[in-house]
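Subject: Structure handover and notes

Dear colleague,

I am passing on the structure we discussed, and I would be grateful if you could look through it alongside the notes in this email. The sequence and the coordinates come first, and my reading of them comes after.

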Amino acid sequence: LVPADVSLTVVLDRSPGIRATLHEAHLTLGLATLLVVAVVWAFLRDVRAAAIPSVAIPVSLIATFAVMHLLGFSLNNLSLMALIVATGLVVDDAIVVLENIKRHLDSGLTPRRAALRGVREVGFTLAAMTLALTVVFASILFMGGLVERLFREFSIPLVAAIVISLVVSVAIIPGLCARWLRPTPKPVGAPGAAAPGAAARGFNA
């Protein structure tokens with residue numbers, strides 16, 4: 001027990017920096033979600049298609065929080081940095097799956113068949129991409145010494161987010177596509193069809 005006449009003073013407080021980093025992580029997450037929706041909408045011209053990939057970001061990060069909790073990790077500068085980096089990585093697989101399903105849907109397949117065929121065609125490619133990224137970031141765990149202890153809370157959450165994003169892309173995204181997406185009513189150039197967007201005109205030029 002501390003004697004009654006002893007006074008304690010905080011010498012070093014790192015909490016303001018952690019809170020500032022957490023605030024930046026919130027801004028990055030929101031900005032990344034908005035950019036994903038905007039870019040997908042600009043190319044596919046479909047509001048439902050633009051909303052589907054945005055699901056991958058919160059689902060993957062929330063599941064990553066669960067992994068961090070099970071491993072006893074805290075929110076510090078390294079784990080927050082991993083979450084910020086993961087924000088840009090977890091959405092890639094979802095966009096690849098979405099675009100392939102949308103292509104099959106516009107070719108005349110039903111939403112369910114388009115989802116099954118689309119994810120089957122790119123599943124192996126996504127697994128290879130995820131394995132490559134996982135090997136890169138997991139290699140930090142084999143360095144040993146101070147470096148391994150220092151960057152453990154960066155490497156493991158990032159690897160967990162990447163692996164979880166693969167599961168989300170091959171399990172949740174196809175289901176959402178089969179449920180929400182509809183084929184384009186008319187091809188570009190047909191009577192009464194909508195004019196192509198700026199992105200499409202740029203590719204056609």
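What follows is a description of the fold, then of two bent helices, and then of the charged pairs and a loop residue.

Please keep in mind throughout that this is a predicted model.

Overall fold

The protein has seven helices and zero strands, so that its pattern, read along the sequence, is α-α-α-α-α-α-α. Of its 205 residues, 34% are buried, and the protein exposes about 12,400 Å², with carbon and sulfur atoms supplying 69% of that area. Among the contacts with a separation of 6 or more, 72% are accounted for by residues 24 or more positions apart.

Helix α4

Helix α4 covers residues 77-106, and its 30 residues reach 45 Å from the first C-alpha to the last, which is close to the 44 Å expected at 1.5 Å a residue. The helix nevertheless bends, by about 35° at Ala86. At the start of α4, a side-chain oxygen of Asn76 comes to within 3.1 Å of the backbone nitrogen of Leu78, while just after the helix Gly108 adopts a positive phi of about 120°.

Helix α5

Helix α5, which runs over residues 111-138, bends by about 45° at Gly123. Gly123 is itself one of the buried residues of α5, which also include Ala114, Gly118, Val122, Leu126, Thr134 and Phe137. The buried residues of this helix pack against two others, namely α4 and α6, the latter spanning residues 145-180.

Salt bridges

How many salt bridges does the structure hold? There are four of them, and I describe several in turn, with the accessibility of each partner.

The side chains of Asp106 and Lys102 meet in a salt bridge, with an N to O distance of 3.7 Å. Because the two residues are four apart in helix α4, Asp106 and Lys102 are separated by about one helical turn. Their surroundings can be described separately: Asp106 counts as partly exposed, at 38% relative accessibility, whereas Lys102 has a relative accessibility of 5% and therefore counts as buried, the cut-off being under 20%. This pair also belongs to a network of salt bridges that links Asp46, Lys102 and Asp106.

A further salt bridge joins the side chains of Glu121 and Arg103, at 3.2 Å from N to O. This pair links distant parts of the chain, since Glu121 lies in helix α5 and Arg103 in helix α4, 18 residues apart. Glu121 is partly exposed at 41% relative accessibility, and Arg103 is likewise partly exposed, at 42%.

In helix α6, Arg152 forms a salt bridge with Glu148, the closest N and O atoms being 2.3 Å apart. Both residues lie in that helix, four residues apart, which corresponds to about one turn. Is Glu148 buried or exposed? With a relative accessibility of 9%, Glu148 counts as buried, because that value is under 20%. Its partner Arg152, by contrast, has a relative accessible area of 34% and is partly exposed. Not counting residues up to four places away in sequence, Glu148 touches Ile140, Leu141 and Met143.

The loop after α6

Thr184 is found in the loop between α6 and α7, the latter helix covering residues 198-204. This threonine counts as partly exposed, at 41% relative accessibility. Which residues does Thr184 contact, leaving aside its neighbours within four places in sequence? They are Lys102 and Asp106, the two residues whose side chains meet in the 3.7 Å salt bridge described above. The C-alpha atoms of Thr184 and Arg103 are separated by 10.0 Å, although these residues are 81 apart along the chain.

Points to view together

When you open the model, it may help to display a few of these items side by side. One is the bend of α5 at Gly123, shown with the packing of the buried residues of α5 against α4 and α6. Another is the network of Asp46, Lys102 and Asp106, shown with Thr184, which is in contact with Lys102 and Asp106. A third is the pair of Glu148 and Arg152, whose side chains make a polar contact at 2.3 Å.

With best wishes

Definitions and conventions. Residues are numbered from 1 along each chain as its sequence is written. This is a predicted model: local features need pLDDT of at least 70, side-chain atom pairs count only at pLDDT 80 or more; totals for chains, interfaces and linings use all residues. Side-chain values use heavy atoms; hydrogens and water are left out. The bend at a residue is the angle between axes fitted to the seven residues ending there and the seven starting there. Buried means under 20% relative accessible area, exposed over 50%, partly exposed in between (1.4 Å probe, protein chains only). Contact means heavy atoms within 4.5 Å. The expected span of a helix is 1.5 Å times one less than its number of residues. A polar contact is a pair of N or O atoms within 3.5 Å; within protein, one must be able to donate a hydrogen and the other to accept it, and residues adjacent in sequence count only if both atoms are side-chain atoms. A salt bridge is a side-chain nitrogen of Lys or Arg within 4 Å of a carboxyl oxygen of Asp or Glu. Accessible areas come from the Shrake-Rupley method with a 1.4 Å probe; for residues, only the protein chains shown count as cover.
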